[in-house]
Amino acid sequence: EKQFDEDYVHGSTDPLALQTWKQYIAWTEQAFPQGNHQSSNLEPLLLRCVRGYVNLKPVPESIRKSESFLEICLRLTEISASPLNLFDFFESQEFFQEIALFYESWAVVLEKVKNFKQAEEVYDLGIHRNAQPLPRLRRHKQEFMLRMCAALEEKREEER
């Protein structure tokens, strides 16, 4: 772990470094299948990786647009107590603007906390930015809108 930290914790721009992080994270998740338990150190590990890259000055475009880095960041949002803050941070720092999965994941979290208006805005933002794959992003927005219509109809039925 010490050698790993020396080699990679400060966010190498080498694409192999990001792959090494992914392998280390996967190993940690396999070695500690109970998830983000204190003994797994999964959250601190993910934070070290993410901070190492977002603190690069400047952050290379290859990282800002990296689906591999997005996967690591999304794993962090899954175990974070405040995932919306992370999404807001990534958006404010212009990460992942061309990747549909970023907007889809963000909108899902917003939907879970019943912030439907902002979830729709996030889908629209991704569509406006032509995030790829755009057809999938549009399909996810359409599915979201159908869920919202069904929920509204169900609410109306209950009120009758």
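Visitor: Which residues of helix α6 (residues 83-92) are buried?

Guide: This is a predicted model. Buried here means under 20% relative accessible area. In helix α6, the residues that are buried are P83, L86, F87, F90 and E91.

Visitor: How wide is the arc that these buried residues cover around the axis of α6?

Guide: The buried residues P83, L86, F87, F90 and E91 lie on the same side of α6, because the arc they cover around the axis is only 135 degrees.

The elements they pack against are α3 (42-54), α5, α7 (100-112) and α8 (116-128). The arc asked for is 135 degrees.

Visitor: How far apart are the end C-alpha atoms of helix α5 (residues 67-79)?

Guide: Helix α5 has 13 residues, and at 1.5 Å a residue it should span 18 Å. The distance in the model agrees with this expectation: the end C-alpha atoms are 19 Å apart.

Visitor: At the start of α5, which residue has a side-chain oxygen that reaches the backbone nitrogen of S68?

Guide: The oxygen comes to within 3.3 Å of that nitrogen. A polar contact requires a pair of N or O atoms within 3.5 Å. The residue that supplies the side-chain oxygen is S66.

Visitor: Which residues have the most contacts inside the largest nonpolar core?

Guide: This core has 42 residues, and α2 (15-31), α3, α5, α6, α7, α8 and α9 (134-159) each supply at least two of them. Beyond its neighbours within four places in sequence, F96 is in contact with residues including F69, F90 and F102. The residues with the most contacts inside the core are Y53, F69, F90 and F96.

Technical notes: Residues are numbered from 1 along each chain as its sequence is written. This is a predicted model: local features need pLDDT of at least 70, side-chain atom pairs count only at pLDDT 80 or more; totals for chains, interfaces and linings use all residues. Side-chain values use heavy atoms; hydrogens and water are left out. Helices (H or I, at least four residues) and strands (E, at least two) are DSSP runs, numbered from the N terminus. The expected span of a helix is 1.5 Å times one less than its number of residues. A polar contact is a pair of N or O atoms within 3.5 Å; within protein, one must be able to donate a hydrogen and the other to accept it, and residues adjacent in sequence count only if both atoms are side-chain atoms. Buried means under 20% relative accessible area, exposed over 50%, partly exposed in between (1.4 Å probe, protein chains only). The arc is that of the directions from the helix axis to the C-beta atoms. Contact means heavy atoms within 4.5 Å. A nonpolar core is a set of buried Ala, Val, Leu, Ile, Met, Phe, Trp, Tyr and Cys residues joined through side-chain atoms within 4.5 Å.
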